[in-house]
There are 4 protein chains.
Amino acid sequence: MTRIAAFLGLGAMGGPMAAHVVRQMQRQGGRALVWNRTREKAERHAAEFGGEVVDLPGLAEADVIFTCLPTSAEVDEVLDGVADGLKEGATWVDCTSGHPEAARRQAARLVERGVAFLDAPVSGGTSGAQAGTLTVMVGGDAAALGRVRDSFAFAGKVVHVGDVGSGFAVKAVNNALLAVTLWATGEGLAALARSGVNLGAALEVINASSGRSNASQNLIPARVLTREFPATFGLGLLAKDAGIAADVVREARASAPVLMQVEALMRAAATVIGADEDHTAALRLIERMNATEIK
Amino acid sequence: MTRIAAFLGLGAMGGPMAAHVVRQMQRQGGRALVWNRTREKAERHAAEFGGEVVDLPGLAEADVIFTCLPTSAEVDEVLDGVADGLKEGATWVDCTSGHPEAARRQAARLVERGVAFLDAPVSGGTSGAQAGTLTVMVGGDAAALGRVRDSFAFAGKVVHVGDVGSGFAVKAVNNALLAVTLWATGEGLAALARSGVNLGAALEVINASSGRSNASQNLIPARVLTREFPATFGLGLLAKDAGIAADVVREARASAPVLMQVEALMRAAATVIGADEDHTAALRLIERMNATEIK
Amino acid sequence: MTRIAAFLGLGAMGGPMAAHVVRQMQRQGGRALVWNRTREKAERHAAEFGGEVVDLPGLAEADVIFTCLPTSAEVDEVLDGVADGLKEGATWVDCTSGHPEAARRQAARLVERGVAFLDAPVSGGTSGAQAGTLTVMVGGDAAALGRVRDSFAFAGKVVHVGDVGSGFAVKAVNNALLAVTLWATGEGLAALARSGVNLGAALEVINASSGRSNASQNLIPARVLTREFPATFGLGLLAKDAGIAADVVREARASAPVLMQVEALMRAAATVIGADEDHTAALRLIERMNATEIK
Amino acid sequence: MTRIAAFLGLGAMGGPMAAHVVRQMQRQGGRALVWNRTREKAERHAAEFGGEVVDLPGLAEADVIFTCLPTSAEVDEVLDGVADGLKEGATWVDCTSGHPEAARRQAARLVERGVAFLDAPVSGGTSGAQAGTLTVMVGGDAAALGRVRDSFAFAGKVVHVGDVGSGFAVKAVNNALLAVTLWATGEGLAALARSGVNLGAALEVINASSGRSNASQNLIPARVLTREFPATFGLGLLAKDAGIAADVVREARASAPVLMQVEALMRAAATVIGADEDHTAALRLIERMNATEIK
């Protein structure tokens, strides 16, 4: 059983995820360590939820280390600082939306120290993180997952999808499909707008029909038609994830013309509209390309 | 109130739709006329449900004429035979997945005879047709729709989406989005398969995440992963509809790179795999392009 | 032999083409009629080159009528005014970059009056028009072409490519390929620019290698790297022609994913950058998508 | 001045390139070393042209080492065997169509041993290799290039395009543009074939017009219309190079929707038609997608 769990990266997703881990450790009589690049953030988290703030060397005691950072590059940086000091038999669970190739490299590095690595990105957004109902897609050794599965206190569903890197690959493909559905629905609506069709009525029909998707049912009505584009998940991050999917395709020597095209368009949207805008603001590039508004 | 309703085209969709119209007329003390290019089909329908088989000249009496034919070309053929003999004040409701440009032409032709035209394609599949719960997307004059709305006995939901042709445009865009989601999800799964990921687990995750669509939730698990590809909605018809969407884009001078690309790929799939195969068999072309199986 | 030749449309291309026709008629002792929507333009042309300005009814005498107008729509307008008055046995030669479907319709209309129709778009630009060295791609009856071939005084090369509409189809495909080579070379250069590569050196290499095209050899060095983008052939017209190619693809039920994608991107470029800019200014959209300059 | 030059990789390109190097060394009184994975090939080359066959340790004497291998992976393998034994002050010139990222890694590895690295891929095909007129695009230190420039005995033109990796990047983009022009011209011809147009006449016109490219002028008339598809440059290698271009795009965070799509289509062609077929046989996939022949 996990006696000491650590959580690194207390951002919009990681913060509430870590809170669930802290509460579980408290219930079970274990210890929960929290860390953030900006130490004050960790101190605020500890003050609110009760974990212990640690410096990176303090991770030497942890049985399970969770990371939830912006990209695999930040995970590499943290690993550089702590890999040599980790406890043999510990498990590193990376919940970052990371890169499969990085996962394979990191796993190879940790296995030499007797530490298991699982890539375990999540879906469900900040609301799922708060509710503790995230879906976790896990790549890596099934036995290693079995040993730490109980510590996934933030999860509603945990699915083992394959070897190391598979979790990141599935997450990247999922987000690429989010990009495709968002963009293609935006294209269709822009063409209908230029044809004089009532877009609200059109979406109502599509959402009762075979062309519906999470993007058409949830994102576009709430964020685009309202013209609000609330910045929860950044356009730059979606472009990054679509890019990881393109890398997955390339590394597998697969042929995926639509995923590749949409990666390029999403990258263009992040450049033209702004990486910090909400991911649904990609449709603003479609609006410019069509001299119309999707509303 | 409609006293005499006619239904032309008694195929997989039209047959059960017509049955609802017949039953409604029977309840209301009106008359229901049925017609099919193959007359025996109409006679079997009448024997089972009780309508009256008519020849095209018999449509002269009808207040409302429904058509549900393969393409707008067949509607043109029927119109050539009957347009001059229709009753002034009648309404023609075309439930075909037709072409917006044909709708505008047909409406202009009928309005000269004092007959209103509504393009009113449906979604919901054969099960929705049997249950009488189809969604109908209607283009044309709102007042004309108001006069015949009660006769849509096969509908669960009727949405007015714009002027003549708008119904067909929305239907085409919906089906183009079906094509996009099917194809892109297939690409993603093929790349994951080549990466050694468990596809059933990957789909389970995607369907709990932001990349989900009707294609990922319903079609691919039931038809592709099972390797059954049951032929309910033909690949050639989906390619045709994606092509109508491409025409909508062109006529609106819109820019829709993803819809255009997918139209081309779907057309290729219909040519290489077979127009009569189920539309989900488009993924068999992806499998060939990737030397893998989606299962 | 042609005794009376008429030329309609005296723009950047048609003006110098008509001058060649006028000179030929003068040499051969025939008559040359010129017409332009703006009559003053025709009067200036006649004053300079010596043809006779006519109104549309004056075309009744012509043995050969050349048209060189912006699109098939303008040809339709002129035809509406004159079709009934044309001389039986005359030949209408449309040098517009027109639409194959319009050609078939116009040919059918004229054949009823005993007038042959050839679609005969040209390539070679304004310099070829002035030099009288244009390449003409002709669709229609080979015998009809044989009868009037000598009157193509503006041509360096005349190629019969197929039935009515084939000339327009080939022209549209040629211009779509121009759009593809321009755009793709622009993408490649933008990526190289972001990689720190010297673009002049890169183009020098490409132009000595297998990836070269008219766009890479002539247009981009002279118009893009210089940042001059001189407006000779408008971006809106190239987008129109790429659109005609998309229609050719659709009408032939062909699958052409790259041509379809580039049509959409060229349409977007015309909308975002401006239809009246030079066609090479399409690369300005690529520059925005990549936050870089191609220079 | 180079006293000892080595050439590794004596295939269809490397063989004749090495012969030029051998002859130059003979003229200048230096020594030329040749190596091939299959030693007999090196012995045949030496017997014909007069160089000295060496084992990898023999490279320790060389002032300049040329490599011309299938991919960067083979270069890595050779480097693993010899890097530690190279002469300080030597220069490694890699003429492989390699990967920019590999070039940067290899250069960093060699600089530690005091050895300079230049990526120097070539274009011009086997005929250019035999004639000694290849174009070489060089990435790396300009001074290092200056020191060995005279040893490029196989070159007609040597262009310095930027830092290490730039040569490979330009080569990859050039070949991606070859892929784009081949594929798009194939699409256009397939659509014209389905429209009943004479393809030989159409190509004649295109090659006198603005849509022309090396593919339309040279490859398609000689290899596709003739139905010969002679296997000189393999489809699998073109797909590999288009893939390197996709990686260049990704690494530069560039947006290149057409290059990305064509990479996917070329990959599919290599899978469906065969990696060992001539690169022009990619058009056979277009033929299948269109149920037509390009002839």
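Me: Which side chain does A:Arg227 meet in a salt bridge?

Reply: In this predicted model, the side chain of A:Arg227 meets that of A:Glu287, with N and O 2.8 Å apart. A:Arg227 stands in the loop between α9 (214-224) and α10 (235-251) of chain A, and A:Glu287 belongs to helix α12 (residues 282-290), so the pair links parts of the chain that are 60 residues apart.

Me: Is A:Glu287 buried or exposed?

Reply: A residue counts as buried under 20% relative accessible area. A:Glu287 has 8% and is therefore buried, whereas A:Arg227, at 26%, counts as partly exposed.

Me: Which residues are joined to this pair in one network?

Reply: Salt bridges that share partners bring A:Arg227, A:Glu287, A:Glu293 and A:Lys295 into one network.

Me: Which residue forms a salt bridge with D:Arg227?

Reply: The partner is D:Glu293, the closest N and O atoms being 3.5 Å apart. D:Arg227 lies in the loop between α9 and α10 of chain D and D:Glu293 in the segment after α12, so the bridge ties together parts 66 residues apart in sequence. D:Glu293 is partly exposed, at 38% relative accessibility.

Me: How should the size of the interface between chain D and chain C be read?

Reply: Interface size is often expressed as the accessible area that is lost when the parts come together. Chain D and chain C bury about 4,800 Å² between them, with 63% of it on carbon and sulfur atoms. D:Glu187, D:Val205 and D:Ser210 supply 11% of the area that chain D buries against chain C, more than any other three residues.

Me: How many salt bridges and polar contacts are counted between chain D and chain C?

Reply: There are two salt bridges and 26 residue pairs in polar contact, both residues being at pLDDT 80 or more. D:Glu204 forms a salt bridge with C:Lys157, with the closest N and O atoms 3.2 Å apart. On the side of chain D that touches chain C, α7(D) gives the most, with 18 residues. By class, that side has 30 nonpolar, 20 polar and six charged residues.

Me: How is chain D related to chain C?

Reply: Two copies of a chain are related by a rotation about an axis and a shift along it. Here a turn of 180° with a shift of 0.0 Å along the axis lays chain D on chain C with an RMSD of 0.1 Å. The two copies are thus related as by a two-fold rotation axis. Of the residues of chain D, D:Ser213 comes closest to that axis, its C-alpha being at 1.8 Å.

Me: Why can the copies be said to meet through the same surface?

Reply: The reason is that 100% of the interface residues of chain D are also interface residues in chain C.

Definitions and conventions:
Residues numbered from 1 in each chain as written. Chains lettered and ligands numbered in written order. Predicted model: local features only at pLDDT ≥ 70, side-chain atom pairs only at ≥ 80, totals over all residues. Heavy atoms only, no water. Buried area = accessible area lost by both parts, 1.4 Å probe. Salt bridge = Lys/Arg side-chain N within 4 Å of Asp/Glu carboxyl O. Polar contact = N/O pair within 3.5 Å; in protein donor to acceptor, adjacent residues only side chain to side chain. Helix = DSSP H or I, 4+ residues; strand = E, 2+ residues; numbered from the N terminus. Nonpolar A, V, L, I, M, F, W, Y, C, P; charged D, E, K, R; others polar. Least-squares fit on C-alpha atoms with pLDDT ≥ 70 in both. Contact = heavy atoms within 4.5 Å. Buried < 20%, exposed > 50% of the residue type's maximum accessible area, 1.4 Å probe, protein only.
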